[in-house]
Amino acid sequence: SHAAGFSLIYALVPLLLWAAFRFGPEGVTVSTLVVLGASMWRASTDVGPFARSQLGETFGLLQAFLGVVTLTSLALVAGLRERRRAEQALLEREADLEDFVEQAAVGLHWVGPDGRILWANQAQLDLLGYTREEYLGHHISEFYANQQVLDDLVRRLTQRETLRGYEAQLRHKNGSLRDVVISSNVRWRNGQFL
């Protein structure tokens, strides 16, 4: 029943793949050595899926099996490491961009389709004198001095116009007005105003 033995030996493949995921190349090496040792011992006692009348044939089959499984596991490890490196580089790039936008000298904010302020950088908060808690989540109309100007701005944006140099006045926390020049556009996804 060498056929049954061969099918059972493939039960070791998930063990080697688990070692690749969990411990990397070191885990693959140690797991392969353990499987090799156990298989050699069983084959030398004429037991197991690799047992043959000729010892050379036995160890040739064993070597071929372990070679294929080890190379597969090591390729998996290399792919996982490359993916982790790419993910780390992406996280670092995201952190750099977030820092760049947060530290920008120009006031920036995102407004949702319902007019609520979703995010603002520190320059925007400093311009109007509000804390994050006082600004985020509020409707943008609370900060515009002229509702008609805001309505015109929103109308133009919803018509997919990109605004540059649009003049308006915003309310500071202390009640004074700030003259601003707005550049703005809408982010669309599947025809939806985001």
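These are my notebook entries on the pocket, the nonpolar cores and two backbone outliers of a predicted model.

**Entry 1: the largest pocket**

I began with the largest pocket, for which I noted a volume of about 1100 Å³. I then looked up its lining and found 40 residues, with His 109, Trp 110, Val 111, Ser 184 and Asn 185 lying nearest the centre of the pocket. Going through the elements that give two or more residues to this lining, I listed strand 1 (109–111), strand 2 (117–120), helix 4 (122–128), helix 6 (147–158), strand 3 (163–171) and strand 4 (177–184). Which element gives the most to the lining? I found that helix 6 does, with 6 residues. I also looked at the character of the lining, and wrote down 25 nonpolar, 12 polar and 3 charged residues.

**Entry 2: the nonpolar cores**

I turned next to the largest nonpolar core, which has 19 residues, and in which Tyr 135, Ile 140, Tyr 144, Leu 153 and Ile 182 have the most contacts. The elements that I found giving two or more residues to this core are strand 2, helix 4, helix 6, strand 3 and strand 4, and the greatest contribution comes from strand 3, with 4 residues. Apart from this core I noted another, made up of 6 residues, including Leu 16, Phe 65, Leu 66 and Val 69.

I then went back to Ile 182 to see what it touches, leaving aside neighbours within four places in sequence. I recorded contacts of Ile 182 with Tyr 144 and Leu 153, and also with Leu 163, Arg 164, Gly 165, Tyr 166 and Ala 168. Of these partners, Tyr 144 and Leu 153 had already appeared in my list of core residues with the most contacts.

**Entry 3: positive phi outside glycine**

Before checking the backbone I reminded myself that most residues other than glycine have a negative phi. Where does Arg 160 lie? I placed Arg 160 in the loop between helix 6 and strand 3, and I noted for this residue a positive phi of about 65 degrees, although it is not a glycine. Is Arg 160 buried or exposed? Arg 160 has a relative accessible area of 54%, so I entered it as exposed, the cut-off for that word being over 50%.

My second case was Asn 190, which is likewise not a glycine and has a positive phi of about 55 degrees. I found Asn 190 in the loop between strand 5 (188–189) and strand 6 (192–193). The relative accessibility of Asn 190 is 78%, and therefore I counted this residue as exposed too.

Definitions and conventions. Residues are numbered from 1 along each chain as its sequence is written. This is a predicted model: local features need pLDDT of at least 70, side-chain atom pairs count only at pLDDT 80 or more; totals for chains, interfaces and linings use all residues. Side-chain values use heavy atoms; hydrogens and water are left out. On a 1 Å grid over the protein atoms alone, a cavity is a set of points where a 1.4 Å probe fits but cannot get out, and a pocket is an open set with protein on both sides within 12 Å along at least five of seven lines; lining residues have an atom within 4 Å of a point. Grid points are joined across faces, edges and corners, and a volume is the space filled by probe spheres set on the points. Ala, Val, Leu, Ile, Met, Phe, Trp, Tyr, Cys and Pro count as nonpolar, Asp, Glu, Lys and Arg as charged, and the others, Gly among them, as polar. A nonpolar core is a set of buried Ala, Val, Leu, Ile, Met, Phe, Trp, Tyr and Cys residues joined through side-chain atoms within 4.5 Å. Buried means under 20% relative accessible area, exposed over 50%, partly exposed in between (1.4 Å probe, protein chains only). Contact means heavy atoms within 4.5 Å.
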